Amino acid sequence: MTLGTVIPGAGAASGSGRLHVPGRSAGNADSPEPNPATDADLVYFTSASGYTGRFAAKLNRPSARIPLLTSAPTLLARRPYVLLLPTYGGTAAQPGAAAKGAVPKQVIKFLNVESNRELIRGVIGAGNTNFGENYCLAADIISAKCKVPVLYRFELMGTSEDAATVNQGLEEFWTHQSQKPA
């Protein structure tokens, strides 16, 4: 299953999560840049506006950013994670119709990696209520395609109350996940 067209290339990761770059050898300029990997339980995408990234920073927990540029190497998740992402100005033309453009291409590229899709456990959506029915639409699309719950929705950069609620919810979520049989 893919979320859309596979996009060639991907971007360099940043964030406060512990990153591991497999196979990187110092000083070997001839080898292509390897894919960065993360053990963070929160993976997020933020656009150039940085709203979603500012919310991730408010959470003050290990996180890893999906690269902004689709031409950079794709981030690889090495453990189960929750995905935090904004909704772009996508539309669902008619009820039940496929939405177009709501999920950032960088997120599609990240989730087109089978191992990344297998490790997603939930999604948190950022949006703008001015989008009306399309508010946090990207989270709904990822939830349906990856068969994971939407854990929370917040507007723009979120409030400190949103951050506290999400942190408490993530602690409870991960505690519950760890008690599930393997």
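## Exercises on a predicted model

Strand E3 (residues 42–44) is joined to strand E6 by 3 bridges, and the two strands run parallel. The model is a predicted one, in which local features need pLDDT of at least 70 and side-chain atom pairs count only at pLDDT 80 or more, while totals for chains, interfaces and linings use all residues. Residues are numbered from 1 along each chain as its sequence is written, and side-chain values use heavy atoms, with hydrogens and water left out.

**Exercise 1. Work out the order of the strands in the open sheet, and state which strands are the edge strands.**

Step 1. Helices (H or I, at least four residues) and strands (E, at least two) are DSSP runs numbered from the N terminus, and the secondary structure of the chain comes to 5 helices and 10 strands.

Step 2. Two strands pair if DSSP finds at least two bridges between them. On that basis 5 strands form an open sheet in the order E4-E3-E6-E9-E10, with parallel pairing.

Step 3. Strand E4 (64–65) and E10 each pair on one side only, and these are the edge strands.

Step 4. As a detail of the pairing, tyrosine 44 stands opposite leucine 84 in E6.

**Exercise 2. Describe how helices H1 and H4 are placed against the sheet, and state how many residues of H4 are buried.**

Step 1. Contact means heavy atoms within 4.5 Å, and axes are lines fitted to C-alpha atoms, for helices over the stretch in contact, with angles from 0 to 180 degrees between N-to-C directions.

Step 2. Helix H1 lies across E3, E6, E9 and E10, and runs at about 140° to E6. Helix H4 (residues 137–146) packs on the sheet as well, where it touches E6, E9 and E10, and its direction makes about 165° with that of E9.

Step 3. Buried means under 20% relative accessible area, exposed over 50%, and partly exposed in between, with a 1.4 Å probe and protein chains only. H4 is mostly covered, since 7 of its 10 residues are buried, namely Leu137, Ala138, Ala139, Ile141, Ile142, Ser143 and Cys146.

Step 4. Just after H4, lysine 147 takes a positive phi of about 55°.

**Exercise 3. Compare the expected span of helix H5 with the distance between its end C-alpha atoms, and find where its buried residues lie around the axis.**

Step 1. The expected span of a helix is 1.5 Å times one less than its number of residues. For the 20 residues of H5 (residues 160–179) this gives 28 Å, and the end C-alpha atoms are 29 Å apart, which agrees.

Step 2. The buried residues of H5 are Asp162, Ala163, Val166, Leu170, Phe173, Trp174 and Gln177. Seen down the axis of H5, these fall within an arc of 95°, so they line one face of the helix; the arc is that of the directions from the helix axis to the C-beta atoms.

Step 3. What covers the buried residues of H5 includes helix H1 (51–59), strand E6 (81–86), strand E9 (120–127) and strand E10 (150–155). The face turned away from the buried side carries the exposed residues Ser160, Glu161, Gln168 and Gln179.

**Exercise 4. Decide for asparagine 116 and glutamate 118, which lie in helix H3, whether each is buried or exposed.**

Step 1. Asparagine 116 belongs to helix H3 (residues 114–119), and at 0% relative accessibility it counts as buried.

Step 2. Leaving aside residues up to four places away in sequence, asparagine 116 touches Thr74, Leu75, Leu76, Ala77, Tyr81, Phe110 and Leu111.

Step 3. Glutamate 118 also lies in helix H3, but at 51% relative accessibility it counts as exposed. Its C-alpha atom is separated by 8.2 Å from that of proline 80, 38 residues apart along the chain.

**Exercise 5. Locate asparagine 60 and cysteine 136, and give the phi of each.**

Step 1. Most residues other than glycine have a negative phi.

Step 2. Asparagine 60, in the loop between H1 and E4, has a positive phi of about 50° although it is not a glycine, and at 71% relative accessibility it counts as exposed.

Step 3. Cysteine 136, in the loop between E9 and H4, has a positive phi of about 55° although it is not a glycine, and it is buried, with a relative accessible area of 0%.
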